[in-house]
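Here's a quick briefing on how this one packs together. Have a look at the chain first, then we'll go through the core, the ring pairs and one of the helices.

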Amino acid sequence: MVYFLIFISAIFVNNIVLSQFLGICPFLGVSKKINTALGMGAAVLFVMTLATLVTYLLQQLLNAWGLGFLQTILFILVIAALVQMIEIILKKISPSLYQALGVFLPLITTNCCLLGVAILVANGTYKIPSVDGVAVEPGLMTGLFFAIATALGFALALVLFAGMREQLAMAKVPKAMQGTPIALLTAGLLAMAFMGFSGVV
């Protein structure tokens, strides 16, 4: 039951982009086409899951050796290495997706939602809904599930936003609102729609 609650909470109630405003750069930059948005969502899912696993284990070592102050630097290095691995794989398997993602694939390295989730899970400070009033202790399994659900929430927001922007491209938008202004307005409306899920969990 706790995993289901984490899933609902991370995707809908506390969406990483629309509620916590992390990962806005790729959200606005790679959301012009649904195919590109799906590719970015898949890349973030893969990197976030692996990064959370590796950084959680790394944090245990840092805590044991009293080197917790190195957390941010080491986490960024781990995420950067994983992104490089994704780039190499995508370049060989799907060159078209690699070209479509362009500069935003390396930007996953500095995507604050990846680093944010890694730090939240490593420190055990992410939100776990209580089950029947009983608080659940954060651990590796709940942390991994939280990371996967958060990445799926990121992908959902990205794909929904991309679909809206594809429709807006065919609409008659006033010249002053074309491009970034209408995109930001649409993102705000999407965030307000997701606020309707608050209080569900």
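Which residues touch the most other members of the largest nonpolar core? In this predicted model, the answer is Phe27 and Ile108, out of 49 residues in that core. Several helices feed into the core, and a handful of aromatic pairs turn up elsewhere in the search.

**The nonpolar core**

- The elements giving two or more residues to the core are α1 (2-13), α3 (34-65), α4 (71-93), α5 (95-101), α7 (112-123), α8 (140-169) and α9 (180-194).
- Top contributor is α8, which puts in nine residues.
- Ile108 is worth clicking on: skipping its neighbours within four places in sequence, Ile108 is in contact with Met40, Ala43, Val44, Val47, Ile79, Val83 and Leu114.
- As background, nonpolar side chains in soluble globular proteins tend to be buried together.

**Aromatic pairs**

- Searching the whole structure gives seven aromatic pairs.
- Take Phe7 and Phe145: their ring centres are 6.3 Å apart with the planes at 50 degrees, so this pair counts as tilted.
- Phe7 belongs to helix α1 and Phe145 to helix α8, so the pair ties together parts 138 residues apart in sequence.
- Neither ring residue is fully tucked away: Phe7 is partly exposed at 29% relative accessibility, and Phe145 is partly exposed with 30%.
- Now for Phe12 and Phe194: here the ring centres are 6.5 Å apart and the planes sit at 25 degrees, so the pair is stacked.
- Because Phe12 lies in helix α1 and Phe194 in helix α9, this pair links parts that are 182 residues apart in sequence.
- Buried or exposed, where does Phe194 fall? Phe194 is buried, with a relative accessible area of 5%, whereas Phe12 is partly exposed at 24%.
- There's also an aromatic cluster, made up of Tyr3, Phe7 and Phe145.

**Helix α4**

- How far apart are the end C-alpha atoms of α4? They are 33 Å apart, and that agrees with the 33 Å that its 23 residues should span at 1.5 Å a residue.
- The buried residues in α4 are Gln71, Phe75, Val78, Ile79, Leu82, Val83, Ile86, Glu87 and Leu90.
- Ile79 and Val83 from that list are also among the contacts of Ile108, so to speak a handy place to start looking.

Notes. Residues are numbered from 1 along each chain as its sequence is written. This is a predicted model: local features need pLDDT of at least 70, side-chain atom pairs count only at pLDDT 80 or more; totals for chains, interfaces and linings use all residues. Side-chain values use heavy atoms; hydrogens and water are left out. A nonpolar core is a set of buried Ala, Val, Leu, Ile, Met, Phe, Trp, Tyr and Cys residues joined through side-chain atoms within 4.5 Å. Buried means under 20% relative accessible area, exposed over 50%, partly exposed in between (1.4 Å probe, protein chains only). Helices (H or I, at least four residues) and strands (E, at least two) are DSSP runs, numbered from the N terminus. Contact means heavy atoms within 4.5 Å. Rings of Phe, Tyr and Trp (its six-membered ring) pair if their centres lie within 6.5 Å; planes under 30 degrees apart count as stacked, over 60 as edge-to-face and the rest as tilted. The expected span of a helix is 1.5 Å times one less than its number of residues.
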